[in-house]
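I set out to record, entry by entry, what I looked up in this structure. The notes begin with a term that the later entries rely on.

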Amino acid sequence: MHTFLVILGGFVLLALTIAGARTAGRTFSAALPLYLVVWFVLSALNMGVGIYHAGYSFMDELPIFILVFGLPAATAAILARKF
């Protein structure tokens with residue numbers, strides 16, 4: 001459930017980034033690098049919590065990190081190309 005909620009948070013951040021870019025009069029393609037950096041840092045922090053507080057190993061957390069970061073990031077890249 002936690003993984004689902006974190007991925008959902010990535011999509012919420014994506015929606016906020018798109019809205020912010022439109023409000024600022026810019027395209028989402030211009031805001032994409034900022035979104036990817038922020039989402040990477042937040043995903044890495046989530047991974048760190050799993051390693052240090054939940055007791056998982058790096059190799060246990062790596063596939064989850066790829067999923068958590070990858071789904072919203074891939075969606076963002078597709079949306080940036082499409083629009």
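**Entry 1: a term.** I take a residue as buried when its relative accessible area is under 20%, as exposed when it is over 50%, and as partly exposed in between. I also note that the model is a predicted one.

**Entry 2: Gly 70.** I looked up where Gly 70 sits and found it in helix H3, which covers residues 58-82. Its relative accessibility is 23%, so I enter Gly 70 as partly exposed. I then checked the separation between Gly 70 and Ser 43, which are 27 residues apart along the chain; their C-alpha atoms are separated by 9.6 Å.

**Entry 3: Ser 43.** Is Ser 43 buried or exposed? I found a relative accessible area of 1%, and Ser 43 is therefore buried. Ser 43 belongs to helix H2. Setting aside neighbours within four places in sequence, I list Phe 65, Val 68 and Phe 69 as the contacts of Ser 43.

**Entry 4: Val 68.** I followed one of these contacts, Val 68. With neighbours within four places in sequence again left aside, Val 68 touches Thr 3, Val 6, Ile 7, Trp 39, Ser 43 and Asn 46.

**Entry 5: the core.** Which residues form the largest nonpolar core? I counted 12 residues there: Val 6, Ile 7, Leu 14, Ala 21, Phe 28, Ala 31, Leu 32, Tyr 35, Trp 39, Val 68, Ala 76 and Ala 80. Helices H1 (2-23), H2 (28-52) and H3 are the elements that each give two or more residues to this core. H2 provides the largest share, five residues.

**Entry 6: H1 against H2.** I looked up how H1 and H2 pack: the angle is about 155°, and the axes are 10 Å apart. Angles over 145 degrees count as roughly antiparallel, and H1 and H2 are therefore described in that way. H1 passes H2 in a right-handed crossing. On the H1 side, the contact includes Val 6, Leu 14 and Ala 21, and on the H2 side Phe 28, Tyr 35 and Trp 39 are among the residues involved. By class, I note 11 nonpolar residues, five polar residues and no charged residues in this contact.

**Entry 7: the whole chain.** I closed with the protein chain, which has three helices and zero strands. Its C-alpha trace spans about 45 × 20 × 20 Å along the principal axes. Of its 83 residues, 28% count as buried. Among contacts between residues at least 6 apart in sequence, 67% join residues at least 24 apart.

Technical notes:
Residues numbered from 1 in each chain as written. Predicted model: local features only at pLDDT ≥ 70, side-chain atom pairs only at ≥ 80, totals over all residues. Heavy atoms only, no water. Helix = DSSP H or I, 4+ residues; strand = E, 2+ residues; numbered from the N terminus. Buried < 20%, exposed > 50% of the residue type's maximum accessible area, 1.4 Å probe, protein only. Core = buried A, V, L, I, M, F, W, Y, C linked by side-chain atoms within 4.5 Å. Contact = heavy atoms within 4.5 Å. Axes fitted to C-alpha atoms, helices over the stretch in contact; angles between N-to-C directions. Parallel < 35°, antiparallel > 145°, perpendicular 65-115°, else oblique. Left-handed = near helix turned anticlockwise from the far one by under 90°. Nonpolar A, V, L, I, M, F, W, Y, C, P; charged D, E, K, R; others polar.
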